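Please look at the following model and ask how its descriptive terms are earned.

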Amino acid sequence: MPLLEVKDLKTSFYTRDGVVRAVDGVSFSLEKGETLGIVGESGSGKSVTCYSLMRLIPEPPGRIDGGTAMFDGQDLLQMNEAELRKIRGRRVSMIFQDPMTSLNPYLRISTQLIEPLRLHFDVDKKAALNKAIAALEEVGIPEASSRIHSYPHEFSGGMRQRVMIAMALITEPDLLIADEPTTALDVTVQAQILDIIKKRQEVLGTAVILVTHDLGVVAGNCDKVNVMYGGRMMESGTAEQVFYNAQHPYTRSLQKTIPSLQTKGAELYTIPGLPPDVSKPIHGCAFYPRCPYPKTGAAEGDRPKLVDLGDGHCFADCHFCDSSAPIESVLTTDVPVEDITPAGAAE
Amino acid sequence: MSEHHEPGVRIDPREDFLVLDDVHTYFDLGTTLFTRESKGVVKAVDGVTLTVKAGEILGLVGESGCGKSTLSRTIMQLIRPTSGRIFLEGKELSALSDKDIRHERINFQMIFQDPYASLNPRMTVLDTLAEAIRTRHPTAKGNALRGRVAELLRTVGMNPAQMKRYPHEFSGGQRQRVAIARALATEPKLIIADEPVSALDVSIQSQILNLLKRLTREMGLTMIFISHDLSVVRYIADRIAVMYLGRILELGEASQIVDHPLHIYTRALMSAIPQPDPIVERTRHRIVLQGDPPSPLNPPEGCNFWPRSPVEHDERMKHEEPVLTEIEPGHYAANCPFCLQEA
């Protein structure tokens, strides 16, 4: 049984201007110790997916309209507040994008770090503090025993994100949800933070959901990938399947827009148009208006179904993006997919 | 690395389009209230010498806090340099009075990172662009003015029928197009773009990058393109300058910087960019820098990179001030012997 199995998750916001279908039918599963990457542009529903799993959607205006999220035999979406409180911060933790705003500026790091321990375990303050110091050392904060008494403003952005990671992992959760954890950081610091998450994950056996808009971050860190667009899933599979054998035109277009994969001197490939407005009902394929190879009919009718290629590699089959689609795959590899070392096995 | 080892960047204020001659921009934090002790000086820009040729795109790369934004504001004369001189087409900007600068500034315009914050929410696109056009043509009005606004909007790939709309009615990418149109409205010679695509989605990023590159070529503009993202800069820039703690550590043609970077910091920056290819990403060698960029308040002495240097070094690195030196034709690097070692 997978650690987390999400089926057909639907979350909407009921606003004065209409219903915003932020997440519209998302399914995935995650095994213990695995890393799932959720990629998409802003407004694609990747963050709302995470907030729904943590039940952090403000209701109203938000509402989880349907679906199940079985976490270790229990449905996260059906739990009451008391049950949730037992799980949040204990078995499922979350790191947010902005380390500047997700720590309380009025409290010392020590107070904030021992809070989850004191809440979920029967430990005294001293033992909790020792554990917190050890947790800070594990995420690479020098002089942890003295710096633990600092306030958040005394830390730099990268250090604050380390504190967030230490706090999220201090209870040794089964699942860590990281919502754009490195987007606000410099590339050199991003590399450090991703390394720390990976190392801690190996030690603790935590499963990770990594939300990002950066395909590069996914490539190096994730076993599985979900590509989202307009609140829907466009493609999912292992990193190798999605990167080297991309099926959906959106995945391929996204790969093509990355500057470093382009031929030098040539004009950058662009996806024409704008991301869809999810406050209006989307008929047919969500990517249709921007699709490089649209066919008449894709804008109407039912939404394309997710088709499984037989090995867990799924894509939204708008029946135009079959293998004869004229968009060539961007990345290819000579190594057969079976021979590729999975992300977790890399040294 | 052979015969070219002259320290310093050659400058000629009369020849080059934009010249920065040993520019320093310091911020004095003042004194404490009672004891009157100095709170220190932030050395945001600490001795930058640089030339920009007419018609080229210079990429300025560095981490947050490296002084790249302060440097751009110093060139714009929004912040006056503490010392050093800045010439634009032979005219010394840093010597002009505030009044003269206002007049001169229509020749160099800026595009900011956040298109949500840099446009006035109470002005329609028409008002915003008309105001900018009038700084160059004070008498422009009526149909001629509207015609020019429509032309500008078409130039940046927008529908002129939308000129009566307000910024909130547009998406981030469209707002950035309006901001670009506003910068072009004064018919400038130099555009400074400060992280113009960082706030945008990947699919929109490439649209704006293509637009900026095309406009620079077609209109014969010169551009300084500032970004923390080397993978973006390498696409758009002709030459790249890498900044660290207020100084330039490496400068050269984009291909020189990207294909064979000399300074260990540039190599580390390049290697930190995640590659969107699972096999490459999992197997490649990365130079991991320790810690965060140090504060420009009390920057380290000597080669200011030493606290984060992943290479073995001794005391000399902490005391000997490196100089930007031409290592091969057109390719400069700070001549710290430890930072320039082969990997």
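The questions below take up the domains of one chain, the contact between two chains, and a record.

This is a predicted model, in which local features need pLDDT of at least 70, side-chain atom pairs count only at pLDDT 80 or more, and totals for chains, interfaces and linings use all residues. Residues are numbered from 1 along each chain as its sequence is written, while chains are lettered from A and ligands numbered from 1 in the order in which they are written.

Q: What makes 117–188 of chain B a domain?
A: Domain bounds come from an automatic or database domain assignment, and the assignment for chain B gives 117–188 as domain 2, beside domain 1 (1–31 + 39–89 + 189–343). The centres of domain 1 and domain 2 of chain B, taken over C-alpha atoms, are 32 Å apart.

Q: How many residues of chain A and of chain B are called in contact?
A: Two residues are in contact if their C-beta atoms, placed from the backbone, lie within 7 Å, and the contact takes 44 residues from chain A and 30 residues from chain B.

Q: Which helix of chain A gives the most to the side that touches chain B?
A: Helices (H or I, at least four residues) are DSSP runs, numbered from the N terminus, and H7(A) gives the most to that side, with six residues.

Q: Where does the name "domain: ABC transporter" come from?
A: The name comes from an unreviewed UniProt entry, which lists residues 4–255 of chain A, and such annotations may be inferred rather than shown by experiment.

How values were computed: Helix = DSSP H or I, 4+ residues; strand = E, 2+ residues; numbered from the N terminus.
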